[in-house]
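Q: I have a protein model open in front of me and would like to learn how to read its features one at a time. Could we go through it together?

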Amino acid sequence: QVQLVESGGGLVQAGGSLRLSCAASGSIRSIDVMGWYCQAPGKEREMVATITGGGTINYADSVKGRFTISRDNAKNTVYLQMNSLKPEDTAVYYCNAHVRNMWYRYLEVWGQGSLVTVSS
């Protein structure tokens, strides 16, 4: 079994910063893509940023220049540094990972979600 545990959400004023962390644990052989998705009230979940094991990064247009995704492969952890936050960034942020477990089974795993609220 593989789990993703998130931390770092909270309430911040517009223009402020937050850093989200997500650590994977369990029967992990390797992790391919890790990423962050967000879901605002009444909207569908959408991609914020992804990063491959080799370091290839993809950002949603709405966060380019403000958010930075990174990962520590030794710790099976992915981070999302969010700067210049806007009220429209308010959402639940979910960590995602594409994992190959110890039995070579390919799994897509989601974190529990972290609420980020940006006040104006």
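**Reading around one arginine**

A: Arg66 is a good place to begin: once its neighbours within four places in sequence are left aside, Arg66 is in contact with Gln81, Met82, Asn83, Ser84, Leu85, Lys86 and Asp89. Please keep in mind throughout that this is a predicted model.

Q: Where does Arg66 sit along the chain, and does Arg66 count as buried or exposed?

A: Arg66 belongs to the loop that links strand S6 (57-59) with strand S7 (67-72). To judge burial, we compare the relative accessible area with a cut-off, and buried means under 20%. Arg66 has a relative accessibility of 10%, and therefore it counts as buried.

Q: Which polar partners does the side chain of Arg66 have?

A: One is a side chain, and the other is a piece of backbone. The side chains of Arg66 and Asp89 are joined by a polar contact of 2.8 Å, while a polar atom of the Arg66 side chain lies 3.0 Å from the backbone oxygen of Ser84.

Q: What should I notice about Ser84 itself?

A: Look at its backbone angle phi, which is near 50° in Ser84, a positive value in a residue other than glycine. Ser84 is located in the loop between S8 and S9, and because its relative accessible area is 40%, Ser84 is described as partly exposed.

Q: How do I read the two faces of a strand, taking S7 as the case?

A: Follow the side chains one after another and ask to which face each of them points. Along S7 they alternate, so that Phe67, Ile69 and Arg71 point to one face and are buried, whereas Thr68, Ser70 and Asp72 point to the other face and are not buried.

Q: Which strand pairs with S7, and in what sense?

A: The partner is strand S8 (residues 77-82), which pairs with S7 in the antiparallel sense over 6 bridges. Asp72 stands opposite Thr77 in S8. The two strands form a hairpin with 4 residues between them, and Asn76 in the turn has a positive phi of about 50°, although Asn76 is not a glycine. With a relative accessibility of 23%, Asn76 counts as partly exposed.

Q: How many of the residues of S9 are buried, and which strands pair with S9?

A: S9 is mostly covered, with 9 of its 11 residues buried. To find its partners, we follow the bridges. S4 pairs with S9 in the antiparallel sense over 9 bridges, S10 does so over 5 bridges, and strand S11 (residues 114-119) is joined to S9 by 3 bridges and also runs antiparallel to it.

Q: Where can I see these pairings residue by residue?

A: Start from Asn96, which is the bridge partner in S9 of Gly35, and which has Trp110 as its bridge partner in S10. His98 stands opposite Glu108 in S10, and Tyr93 has Ser114 in S11 as its bridge partner. The hairpin of S9 and S10 has 4 residues between the strands, and within this hairpin Tyr104 takes a positive phi near 70°. Strand S10 (residues 106-110) itself has Leu107 and Val109 on a covered face and Tyr106, Glu108 and Trp110 on an uncovered one.

Q: How is empty space in a model found, and what is the volume of the largest pocket?

A: Rolling a probe the size of a water molecule over the atoms shows where empty space is left. In this model the largest pocket has a volume of about 230 Å³.

Q: Which residues and strands line the largest pocket?

A: The lining consists of 17 residues, and those nearest the centre of the pocket are Cys38, Glu46, Ser62, Glu88 and Asp89. The same Asp89 makes the side-chain polar contact with Arg66 that we met earlier. Strand S4 (28-39), strand S5 (46-51) and S9 each supply at least two residues of the lining, and S5 gives the most, with 3 residues. By type, the lining residues divide into 8 nonpolar, 3 polar and 6 charged.

How values were computed
Residues numbered from 1 in each chain as written. Predicted model: local features only at pLDDT ≥ 70, side-chain atom pairs only at ≥ 80, totals over all residues. Heavy atoms only, no water. Buried < 20%, exposed > 50% of the residue type's maximum accessible area, 1.4 Å probe, protein only. Pairing = 2+ DSSP bridges. 1 Å grid on protein atoms, 1.4 Å probe; cavity = no way out; pocket = protein on both sides within 12 Å on 5 of 7 lines; lining within 4 Å. Points joined across faces, edges and corners; volume = space filled by probe spheres on them. Nonpolar A, V, L, I, M, F, W, Y, C, P; charged D, E, K, R; others polar. Polar contact = N/O pair within 3.5 Å; in protein donor to acceptor, adjacent residues only side chain to side chain. Contact = heavy atoms within 4.5 Å.
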